[in-house]
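Here is a two-chain model to look over at the bench. Have the viewer open while you read.

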Amino acid sequence: MNDLYKINVAKAEFREAYNTGNVNRLLSVFADEFTDMSAGLPSFFGNTAHAVFRSRMAKLFQRYQVTLVVTIIAIRVLGNTAFDFGWHTLTLTPKGGGNPITSRQRYFESWQKNSRGEWKIDFYIDNMDVAPAMPDAVLPIPQILDQGAQQGKGRA
Amino acid sequence: MVVEISCEEVWREMSNYIDSEISTELGARMEQHFKGCQHCKAVLDGTRNVVRLVSDAAAFELPAGFSNRLYQKLTRKQPKRRRQREK
């Protein structure tokens with residue numbers, strides 16, 4: 001099994017962990033210490049990231065039936081380090097009843113191969129996806145930058 | 001468990017997938033990918049259309065004398081381009 005295939009297997013495990021609501025299975029894909037820069041949340045580092053992620057996912061799986069669709073654009077392997085990027089489409093169906101919520105994130109993550117030859121995620125970052133547009137389309141200023149500029153104006 | 005596959009790997013195997021010249025396991029991985037990836041699905045549909053058009057002889061029936069006229073036109077254009085380069 002080559003490294004590219006091993007990372008694909010680990011990513012399939014990541015998907016299945018979400019779809020079965022299994023926190024331990026999900027954490028088994030991550031290194032013991034990693035960096036988590038998930039959208040809309042503070043950044044967490046090292047073993048703190050591990051603990052925060054466990055607690056966050058346990059709450060999520062408790063409240064929702066989760067369906068994750070992974071679309072990997074590319075995986076690059078550079079020795080014992082690798083990275084991949086793509087999209088995560090997450091559908092959350094409230095267990096207590098209610099309409100499902102679907103969101104799509106663009107993600108980037110890096111992997112490290114440990115001494116047992118297993119690939120583990122040691123860095124994760126994502127942000128909300130935006131609808132595709134043609135290169136010559138008139139693009140709005142991203143809301144987050146616009147808000148920052150408005151706040152700056154207030155201070156001046 | 002169906003193992004994930006990336007868009008890059010899908011593009012590499014697209015032609016073999018259309019010709020059914022891949023393993024069952026790889027086929028299942030690609031089908032799973034097409035379900036979630038509109039970009040690759042569009043490439044697959046486009047490639048299939050091109051293959052269908054090329055293999056349909058009727059779609060490419062050329063009018064009588066087309067080859068000769070094309071050759072004459074190309075020959076006439078050639079010296080013109082050379083003259084432009086010399087300037």
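What follows goes through the two chains, the sheet, the helices and the cores.

**Ground rules**

This is a predicted model, so to speak of local features we need pLDDT of at least 70, side-chain atom pairs count only at pLDDT 80 or more, and totals for chains, interfaces and linings use all residues. Residues are numbered from 1 along each chain as its sequence is written, while chains are lettered from A and ligands numbered from 1 in the order in which they are written.

**The two chains**

Helices and strands here are DSSP runs, numbered from the N terminus, with at least four residues (H or I) for a helix and at least two (E) for a strand. A residue is called buried if 20 or more other C-beta atoms lie within 10 Å of its own, exposed if 12 or fewer, and partly exposed in between, with C-beta atoms placed from the backbone. The table puts the chains side by side.

| Chain | Helices and strands | Order from the N terminus | Residues and buried share |
|---|---|---|---|
| Chain A | 4 helices, 5 strands | α-α-β-α-β-β-β-β-α | 156 residues, 19% buried |
| Chain B | 4 helices, 0 strands | α-α-α-α | 87 residues, 11% buried |

The C-alpha atoms of chain A fit a box of roughly 55 × 45 × 35 Å along the principal axes. Two residues are in contact if their C-beta atoms, placed from the backbone, lie within 7 Å. Taking contacts in chain A between residues at least 6 apart in sequence, 48% join residues at least 24 apart. For chain B, residues 24 or more positions apart account for 58% of the contacts with a separation of 6 or more.

Where the chains meet, 10 residues of chain B are in contact with 14 residues of chain A. That side of chain B has 6 nonpolar, 2 polar and 2 charged residues. Here Ala, Val, Leu, Ile, Met, Phe, Trp, Tyr, Cys and Pro count as nonpolar, Asp, Glu, Lys and Arg as charged, and the others, Gly among them, as polar.

**The sheet in chain A**

Chain A holds an open sheet of 5 strands in the order E1-E5-E4-E3-E2, with mixed pairing. Strands count as paired if DSSP finds at least two bridges between them. Strand E1 (30–37) and strand E2 (64–78) of chain A are the edges, each pairing on one side only. On average, neighbouring strands of this sheet are turned by 25 degrees against each other, direction ignored.

E2(A) and E3(A) run antiparallel and share 14 bridges; across this pair, A:Val69 stands opposite A:Thr89 in E3(A). The two strands make a hairpin with 2 residues between them, and A:Gly79 in the turn has a positive phi of about 70 degrees.

Next along, strand E3 (residues 81–94) and strand E4 (residues 101–113) of chain A are also antiparallel, joined by 12 bridges. On this side A:Phe83 stands opposite A:Ser110 in E4(A), and A:Leu90 has A:Ser103 as its bridge partner in E4(A). This hairpin has 6 residues between its strands, with A:Gly97 in the turn at a positive phi of about 100 degrees.

**Helices and cores**

Helix H3 (residues 46–63) of chain A lies across E1, E2 and E3 of chain A, at about 80 degrees to E1(A). Axes for such angles are lines fitted to C-alpha atoms, for helices over the stretch in contact, and angles run from 0 to 180 degrees between N-to-C directions.

H1(A) has buried residues that include A:Ile7, A:Phe14 and A:Tyr18. Their cover includes helix H2 (23–27), E2, E3, E4 and strand E5 (119–128) of chain A. Just after H1(A), A:Gly21 has a positive phi of about 65 degrees.

A nonpolar core is a set of buried Ala, Val, Leu, Ile, Met, Phe, Trp, Tyr and Cys residues joined through C-beta atoms within 7 Å. In the largest one, of 19 residues, A:Ile7, A:Val29 and A:Ile121 touch the most other members. H1(A) gives the most to this core, with 5 residues. Another core lies apart from it, with 5 residues, among them B:Val10, B:Met30, B:Cys37 and B:Cys40.
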